[in-house]
Amino acid sequence: MPQSQQRTGFSKSRRVMSRLAAGLVLRSILILTPVSIFAREKVDLTLVPSIFAPESVPAHSITHLAGFVLAVTGAIFLIVGGLLVYAVVRFRRRKDDDGTEPAQIYGSGPVESAWTIVPILIVVVLALATARVVHEIQDARQPAGALEVQVIGHQWWWEVRYPKLGIVTANELHVPVSHGGVSRPTFLDLRSADVVHSFWVPRLAGKTDLIPNKINSMWIEPERTGLFLGQCAKYCGTQHAKMLLRVYVDTPEDFDRWAKEQAQNAEKDSTASAGRLVFEQTACINCHAIKGTVANGRFGPDLTHLMSRDTLASCVLSNSPQNLRAWIKAPEQFKPGVLMPAMNLTDADLDHVVSYLATLK
Amino acid sequence: MSAIAKTDEISGSTALDPTTAQNKNVFDHIHSWLVTVDHKKLGLMYIMYGLFFFVVAGIEAALIRIQLAVPNNHFLPPQIFNQLFTMHGTTMVFLVGMPLIFGFANYLVPLMIGARDLAFPRLNAFGFWLSVLGGLLLYFSFIGGEGMTGAGSAPDVGWFAYAPLTAKAFSKGHSTDYWILGVLIGGFGSVATAVNVISTILCMRCRGMTLTKMPLLVWLNLIMCGMVLLAVTPLTAAQIMLLLDRFVGSHFFDTQAGGSATLWMHFFWIFGHPEVYILVIPAFAIASEIIPVFSRKAIFGYPAMVGATIAIAFVSMSVWAHHMFTIGMTSAGNTFFVVSTMTVGIPTGIKIFNWLGTMWGGKLRFETPMLFSIAFVFHLLIMGLTGIMLSAAPFNWQLNASYFVVAHFHYVLVGAIVFMIFAGTYYWFPKATGRLLSDRLGKWHFWLFLIGFHMTFDTMHLPGVLGMPRRIYTYEAGRGWGTLNLICTLGAAVQGVAVLVFVCNILGSIRKGQRAGADPWDAWTLEWSTSSPPPEYNFAEIPIVRSRRPLWDIKHPTDPDWKYE
């Protein structure tokens with residue numbers, strides 16, 4: 001089990017030390033940014049995607065390493081910075097200077113050797129500590145019970161597939177939590193349909209790029225339920241900024257219920273047949289798929305269970321019929337440069353389509 | 001007299017006696033600069049060219065900062081924002097950094113080695129005008145970028161232009177072609193000048209100046225130019241491949257046809273990382289001249305300084321993939337680049353310690369060049385430590401492509417390079433113009449720029465830690481990034497004011513500044529032995545040196561350096 005290797009990966013004392021350092025950094029960040037300002041900005045601290053608030057096994061390992069590196073570099077900063085300040089104050093030219101030149105010193109073998117050897121030792125220690133975490137995270141073997149998810153980057157949204165569960169969705173991942181000794185890590189297989197993207201949910205793991213013609217992988221093992229925010233971290237064109245991402249960590253029961261619902265075909269609701277007709281007779285179906293209907297396009301997000309998602313347009317808008325209508329009417333208004341065209345539907349057709357999509361629970 | 005007149009009639013070209021030379025009108029002046037092959041004029045033109053684009057890139061940065069000052073801002077549309085950060089980055093590296101370092105190398109290297117010009121003066125002019133052509137082509141994209149398909153537009157692919165965003169499918173029109181050609185042609189100019197500087201240093205030193213008696217600035221520029229030859233050429237190759245992809249249908253980077261996106265990354269960063277050192281080593285070089293003079297001491301550990309720079313150059317050629325820790329290399333590959341990258345910290349540490357050792361026991365004079373240099377050492381320390389953080393691959397998986405990285409490399413490019421360009425300008429301006437820059441305005445410039453710099457770039461680390469990726473044109477409220485970004489923007493405004501003070505200082509001092517004389521700083525290297533500004537031929541008589549500090553030897557005949565070296 002990778003997570004047990006993770007937890008024993010760090011010796012206890014080092015772990016305490018790095019925890020301490022990480023905590024200090026986090027606290028100083030909070031002090032630097034006065035709480036009152038946070039309040040004005042209405043920041044929900046649980047949604048701030050801080051790398052120093054990890055809630056998943058690989059993110060924890062990284063924070064520990066980061067704490068260790070910060071402690072070492074912080075010490076170097078204090079010592080060398082202190083020497084610099086001392087030199088500037090101590091050796092400034094005084095007012096009563098006699099105008100003679102100071103003693104000329106051209107160098108010193110022993111001193112120079114010392115400040116070569118000490119950094120070499122520090123680098124060796126840091127490199128070893130780093131190599132260990134690289135190995136722990138990257139070479140973790142996938143356990144049998146792990147959930148497999150495929151994430152495919154598109155300009156500018158995320159296609160999410162659960163091949164073993166028969167689920168296709170977009171922009172919002174659902175994964176089970178690992179707690180109470182039960183480990184249910186999620187292994188992500190990352191691909192791109194167009195340009196380079198990067199999957200980054202800071203509180204769950206470091207980022208990994210989605211590169212065309214290359215399959216990458218990463219894993220997460222969240223230890224707390226809740227919503228975790230992320231977004232594309234590699235510049236991928238006009239709307240890179242609005243390629244947002246959400247990961248919902250559910251209890252195992254909630255996750256299983258969600259997975260069961262998502263695997264089903266779209267319900268047929270006869271009250272919305274007019275909208276369905278518009279949808280299927282317009283170019284919508286060239287890009288969007290709705291399982292169980294003729295719509296099977298793959299350029300845009302799968303809409304089979306659209307209304308089960310909290311957001312629209314890659315987490316840019318909250319999901320409500322009003323927002324959905326506004327989005328379909330003029331996608332450019334929310335994401336200039338977006339690849340979804342405005343279809344110039346009549347108001348009546350627009351209403352029909354929205355009421356049809358609203359049935360896709 | 002009549003004999004001379006007669007000769008003039010025959011040749012028809014040398015009718016300039018001193019009186020007519022003084023009566024030259026403005027067009028003659030411009031003409032003399034356009035056709036010059038004098039290393040000092042070309043050096044100054046490089047520097048003016050660099051400073052001009054520094055202001056342009058600064059305006060671009062200001063627009064970017066305004067857009068990011070508050071969440072959900074609508075100051076700029078995304079397309080324009082993306083063009084601005086692409087142009088800002090490309091401009092700062094290729095049209096500000098490169099011209100400025102070559103300007104200083106051009107101006108100073110011959111003067112410091114007691115030569116009358118570079119080895120190939122016309123190649124020098126050629127290199128400069130190629131760089132100008134590259135810059136103009138890049139900026140012409142603002143009006144000609146889309147070519148036949150519509151209005152102009154600048155490239156919007158980011159300064160490292162990751163494939164396949166540059167493929168025809170994702171980048172229509174011609175803006176990317178202008179980017180490729182501009183950088184490509186500027187690169188030819190850089191290679192030409194690097195060859196020239198290397199030849200000059202190796203072949204044209206004055207008598208007595210063995211390699212171990214060269215000023216450190218000359219040594220470091222020699223190393224920098226060697227790196228240009230090794231690093232710019234892969235970029236040139238990659239740009240040509242990209243042009244082939246776009247125009248004749250090859251598929252090097254065209255992923256839609258089986259090309260490789262990571263191939264471009266490797267090509268780009270095997271240029272891009274050494275490029276950082278190409279830019280920062282000349283900053284080291286300037287610091288290695290200024291810190292001793294204003295500490296009144298010889299440089300501490302000269303051989304170690306040279307050795308450390310060679311080590312940095314050597315190691316920096318093998319660290320490029322630390323820009324690519326997130327692309328899914330194997331753990332062995334990642335570990336290799338962790339180790340190689342951390343290794344750079346050792347020679348960098350040696351340099352910091354040697355500058356400290358130079359100041360230790362000295363009598364520090366805090367004139368403007370020294371203030372900028374001390375700040376530079378401080379920034380170098382911080383950027384080195386954030387660099388160590390970024391080199392720890394797992395930490396990098398979090399920090400990569402976040403605002404932490406943006407803050408880190410601005411510490412390098414502004415905190416080190418721009419600070420030392422300022423220091424160097426204050427230090428050698430009197431040599432080039434015969435007049436000192438105002439020290440009072442210089443101190444205003446320094447303190448304002450220092451405060452603005454720290455407001456912007458210290459703060460900028462934090463949104464990265466809080467999960468803010470770079471190159472986003474806007475962000476949602478409620479993620480804790482808003483206030484931090486506002487502080488960054490305010491700091492940028494302070495930096496803008498500081499640069500304004502600098503420009504005023506230059507414009508004011510160039511006409512009314514205090515007369516400098518040949519050696520205003522009581523310095524020790526050869527450029528201060530000739531008049532300010534130096535005559536076209538630099539030295540009436542080629543000097544002969546016996547130590548690294550020939551002017552010290554003259555000023556202290558009883559205690560010359562050559563007794564100890």
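**Two open sheets and a shared nonpolar core**

In this predicted model, chain A holds an open sheet of five strands, arranged in the order β3-β2-β1-β5-β8 with mixed pairing. The edges are taken by β3 (167–170) and β8 (216–220) of chain A; each has a single partner strand, so one side of each is left without a neighbour in the sheet. From one strand to the next, the twist averages 25 degrees. At the β3 edge, β3(A) pairs with strand β2 (residues 157–162) of chain A in the antiparallel sense, over four bridges. Within this pair, R161(A) has V168(A) of β3(A) as its bridge partner.

Chain A also contains an open sheet of three strands, again with mixed pairing, in the order β4-β10-β9. Here β4 (172–176) and β9 (226–231) of chain A are the edge strands, and one side of each lacks a neighbour in the sheet because each has a single partner strand. Neighbouring strands are turned against each other by 25 degrees on average, direction ignored. Strand β10 (residues 244–250) of chain A runs parallel to β4(A), and five bridges join the two; in one of the pairings, L173(A) is matched with V247(A) of β10(A). Helix α6 (residues 252–263) of chain A lies across β4 and β10 of chain A, at about 130 degrees to β4(A).

Turning to the nonpolar residues, the largest core has 277 of them, and those with the most contacts inside it include V69(A), V280(B), F376(B) and I417(B). The most is given by helix α9 (residues 261–295) of chain B, with 23 residues. Leaving aside neighbours within four places in sequence, I417(B) is in contact with G97(B), L279(B), V280(B), A283(B) and V412(B).

Definitions and conventions: Residues numbered from 1 in each chain as written. Chains lettered and ligands numbered in written order. Predicted model: local features only at pLDDT ≥ 70, side-chain atom pairs only at ≥ 80, totals over all residues. Pairing = 2+ DSSP bridges. Axes fitted to C-alpha atoms, helices over the stretch in contact; angles between N-to-C directions. Core = buried A, V, L, I, M, F, W, Y, C linked by C-beta atoms within 7 Å. Buried ≥ 20, exposed ≤ 12 C-beta atoms within 10 Å, placed from the backbone. Contact = placed C-beta atoms within 7 Å.
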